[in-house]
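The following exercises concern a single protein chain. Each task is followed by a solution in steps.

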Amino acid sequence: MKVKILFFILILIGMGSGCNGNQNQLDNYNDLSISQVHTSKPIDQSVANHAKEKIITKEEISDVKAVNTNNELLVAIKVRNFNRFRLKNIEKSVKSDLKKMYPDHNVFVSSDKKMFWELENIEQRLKKNDTNEKNLKKDLNKLKSLMKEQT
């Protein structure tokens, strides 16, 4: 009789501890973080940071990178796996939302992985204050031409 009770208690403990492990993984999945780019006064990235905060709230977007100049905003998005079938619609939606939020900026949105990596590199350089406004505009013009080639 004591063996059955002990065995039953062990089974309950095992099942209880097995269910708790998945909860931590779900909490980490929902806690997405985006990197804020803070630079010195000459290259203000507040528009890009605000745009990233707004875009990441969409459930189909898993990550976002953005860089801005005085009158342009370039955004690269990563889309969750099953939403890749609706990629163009998601891009159009993000672009229209950003145009409404920033009517005085030319908005460019891409879901291409290369654009994402390039914008990530530019963000890293901005964080390190390793670029100036002239080089930033040159890099963004290069990315815009690549975006136009792909469409």
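**Exercise 1: Asn 83**

In this predicted model, Asn 83 has a relative accessible area of 18% and is therefore buried.

Task: Determine where Asn 83 is placed and which residues it is in contact with, leaving aside neighbours within four places in sequence.

Solution.
1. Asn 83 belongs to the loop that runs between strand 2 (72–79) and helix 3 (87–101).
2. The class follows from the cut-off: buried means under 20% relative accessible area, and the value for Asn 83 is 18%.
3. Once neighbours within four places in sequence are set aside, the contacts of Asn 83 are Glu 60 and Ile 90.

**Exercise 2: Asn 129**

Task: Locate Asn 129, state the sign of its phi, and decide why it counts as buried, exposed or partly exposed.

Solution.
1. Helix 4 (113–127) and helix 5 (133–150) are joined by the loop in which Asn 129 lies.
2. The phi of Asn 129 is positive, at about 55 degrees, although the residue is not a glycine.
3. Partly exposed covers the range between the 20% and 50% cut-offs; Asn 129 is assigned to this class because its relative accessibility is 48%.

**Exercise 3: The whole chain**

Task: Describe the order of helices and strands, the buried share and the exposed area of the protein.

Solution.
1. The protein contains 5 helices and 3 strands, arranged along the sequence as α-α-β-β-α-β-α-α.
2. Buried residues make up 35% of the 151 residues.
3. The protein exposes about 10,200 Å², of which carbon and sulfur atoms supply 53%.
4. Of the contacts between residues at least 6 apart in sequence, 59% join residues at least 24 apart.

Definitions and conventions: Residues are numbered from 1 along each chain as its sequence is written. This is a predicted model: local features need pLDDT of at least 70, side-chain atom pairs count only at pLDDT 80 or more; totals for chains, interfaces and linings use all residues. Side-chain values use heavy atoms; hydrogens and water are left out. Helices (H or I, at least four residues) and strands (E, at least two) are DSSP runs, numbered from the N terminus. Buried means under 20% relative accessible area, exposed over 50%, partly exposed in between (1.4 Å probe, protein chains only). Contact means heavy atoms within 4.5 Å. Accessible areas come from the Shrake-Rupley method with a 1.4 Å probe; for residues, only the protein chains shown count as cover.
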